[in-house]
Amino acid sequence: MRRLIAWLILGAALVVIGLWIGCGGGGNTSEILIGEYSAMTGTTATFGQSTHRGLMMAVDEINAAGGVLGKKIHLLTEDTQSRPEEAATAVTKLITRDRVKAVIGEVSSSRSLAAAPICQANGVPMVSNASTNPEVTKKGDYIFRVCYIDPFQGEVMARFAFSTLGIRKAAILKDIKNDYSVGLAQYFEETFQKLGGEIIATQAYSEGDIDFKAQLTALKATEPEAVIVPGYYTEAALIVKQARELNMTMPFVGGDGWDSAKLVEIGGASMNNTYYSTAYSADDPDSVVQNFVHKYTARYDDKPDAFAALGYDAGLILFDAVKRAGSTEGAKIRDALTATRDFRGVTGTITIDSDRNARKPIVIIAVVNGEMTYKETIQP
Ligand code: PHE
């Protein structure tokens, strides 16, 4: 009996040690642990779910090709629940509990801004796939992104509204609780005014709002030729729908925050005569894009959106940097990321500049007959 108990205790101890190693506590030497913090649930769950799919495709491809530095990439995902406070908790867990070598995320600038200081303080490189607010990478020299930034996006949107659409008087409806929205509104305004256009009215809402009639009625009274909505598609689609109900027929213009199939799912026919800028279009005839669309559709039976494409590119750029670093040390991965030049991603050819931002093209999309239609690509 005593022998049996002794064996049971020994067995339990082995299980505990095994779990501890498996969780990364002892560092499984055949794998490189990479963290992902994404909005898998909450108001913007589509952001994280699509990012994760794109990222998993990159992980599986690199592992099938032999991995990195002779090891397999093991991705650990933490849910930010679409909240900045949870984003901070998620990266803290990934860094201190799991000891990941680098972190990928987030989509929303407000969440990346909450997590970046923690990555920076711990010397763990962070690569955001879709946060475009310029402040994100200013958090420190370990913070990178594979998307363009909003001063460029705001300028492209303003030029498009002024020159292509011929707009002279525009109104803005922005999300005041969202760093991305507030920043993009400002950059749009700066260029639009420089070109000779006028912002005749500005109104605000907060993420999660569902009734925008009061703001829209106020904007309508000023008779704008176009309304700029630099927010996320979750609210933007409702805004345009309600505007059409108020007989506001003018063009509505947005940024990458509009980019999801959900935009037309929610907004329906109201979305005609709207335009937005983004990182990529699944309809881009480019062969790299089409090859990606093909592989993704075969795997998930769904067309990849921008999150998926950017998640995929974020993964590939990070793995490429670890390879070139020849090491999983934070400082070495950081240096290799800094040296990224002309990396051919799905979302364009990506070069990391001296501010750790990606210099890359912007795509303009028009919604025509309920379809997102590729219009043009603008080089940086
Ligand atoms: N660019 C947005 C931000 O920085 C994130 C976003 C990208 C949201 C693409 C939707 C689509 O907050």
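Me: Ala, Val, Leu, Ile, Met, Phe, Trp, Tyr, Cys and Pro count as nonpolar, Asp, Glu, Lys and Arg as charged, and the others, Gly among them, as polar; how many of each class does the shell around the ligand have?
Reply: The shell has 6 nonpolar, 5 polar and 1 charged residues. This is a predicted model, in which local features need pLDDT of at least 70 and side-chain atom pairs 80 or more, while totals for chains, interfaces and linings use all residues. Residues are numbered from 1 along each chain, and side-chain values use heavy atoms, without hydrogens and water.

Me: Which residues surround the ligand?
Reply: Phe47, Val107, Ser108, Ser109, Ala130, Ser131, Thr132, Tyr180, Tyr232, Asp256, Gly257 and Phe307 do (a heavy atom within 4 Å).

Me: Why does the ligand lie between the domains?
Reply: Domain 1 (31-148 + 287-360) and domain 2 (151-278) both contribute residues to the shell, so the ligand lies between them. The bounds come from an automatic or database domain assignment.

Me: What does the side chain of Ser109 approach?
Reply: An N or O atom of the Ser109 side chain is 2.4 Å from an oxygen atom of the ligand (polar contacts are N or O pairs within 3.5 Å).

Me: And which ligand atom lies 2.7 Å from Asp256?
Reply: A nitrogen atom lies at that distance from a polar side-chain atom of Asp256. For Thr132, a polar side-chain atom is 2.9 Å from a ligand nitrogen.

Me: Turning to the backbone, is the bond from Gly105 to Glu106 cis or trans?
Reply: That peptide bond is cis, with omega near -15 degrees. Most peptide bonds are trans.

Me: What is the phi of Asn273?
Reply: Asn273, not a glycine, has a positive phi of about 65 degrees.

How values were computed. Polar contact = N/O pair within 3.5 Å; in protein donor to acceptor, adjacent residues only side chain to side chain. Nonpolar A, V, L, I, M, F, W, Y, C, P; charged D, E, K, R; others polar.
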